[in-house]
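Biologist: I've never looked at this one before. Could you walk me through it and tell me how you arrive at the labels you use?
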Amino acid sequence: MTTQKAVALRISNLLVKNGFSQYALCKKVAMSEETLRSIINERYKTVKLDTIIQICDGFNISLQEFFADDLFRRENLDVY
């Protein structure tokens, strides 16, 4: 899978796990809904690390916790 897909799935999973709507997360981290929607719908080719950190803050997790998911295991990613 692409890294964009892995990031999108991780955010979606965290939304469910934490009982957040996209709107609630956006309000919590002062991010536009369009930005989050674009990330989740994989419309961005890349996602800036600053944006992921901002999202992590909304979930009250570290960057390490965000990426400590099987989605980001090397064998699961289409990275060359």
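Modeller: Sure, let's go through some rings, a helix and the chain end, keeping in mind that this is a predicted model.

Biologist: What makes Phe20 and Phe59 a stacked pair?

Modeller: Their ring centres are 5.7 Å apart, and rings pair when the centres lie within 6.5 Å. The planes meet at 10°; under 30 degrees counts as stacked, so that's the label. A search of the whole structure turns up four aromatic pairs.

Biologist: Why do you say the pair of Phe20 and Phe59 ties parts together?

Modeller: Because Phe20 is in the loop between helix H1 (3-18) and helix H2 (22-29), while Phe59 belongs to helix H4 (residues 49-59), the pair links parts 39 residues apart in sequence.

Biologist: Are those two rings buried or exposed?

Modeller: Phe59 has a relative accessible area of 5%, and buried means under 20%, so Phe59 is buried. Phe20 comes out at 26%, which falls between 20% and 50%, so Phe20 is partly exposed.

Biologist: Why is the pair of Phe66 and Phe72 called tilted?

Modeller: The centres are 5.8 Å apart, and the planes stand at 40° to each other. That angle is neither under 30 degrees nor over 60, so the pair counts as tilted. Both Phe66 and Phe72 are buried, and together with Phe67 they make one aromatic cluster.

Biologist: How do you know that the charged end of Arg10 sits over the ring of Phe66?

Modeller: The charged end of Arg10 is 5.8 Å from the ring centre, and the cut-off is within 6 Å, along with a limit on the angle to the ring normal. Arg10 is also one of the buried residues of H1.

Biologist: What do the buried residues of H1 pack against?

Modeller: They pack against H2, helix H3 (33-40), H4 and helix H5 (63-67). Among the buried ones are Val7, Ile11, Leu14 and Leu15. H1 has 16 residues and reaches 22 Å from first C-alpha to last, close to the 22 Å expected. Just after H1, Gly19 has a positive phi of about 70°.

Biologist: And what makes Val79 partly exposed?

Modeller: Val79 has 37% relative accessibility, between the 20% and 50% limits, so partly exposed is the right term. Val79 is in the segment after H5. Its C-alpha is 8.6 Å from that of Met1, although the two are 78 residues apart along the chain. Leaving out residues up to four places away in sequence, Val79 touches Thr3 and Arg74.

Methods. Residues numbered from 1 in each chain as written. Predicted model: local features only at pLDDT ≥ 70, side-chain atom pairs only at ≥ 80, totals over all residues. Heavy atoms only, no water. Phe/Tyr/Trp six-rings, centres within 6.5 Å; stacked < 30°, edge-to-face > 60°. Helix = DSSP H or I, 4+ residues; strand = E, 2+ residues; numbered from the N terminus. Buried < 20%, exposed > 50% of the residue type's maximum accessible area, 1.4 Å probe, protein only. Lys NZ or Arg CZ within 6 Å of the ring centre and 35° of its normal. Expected span 1.5 Å × (residues − 1). Contact = heavy atoms within 4.5 Å.
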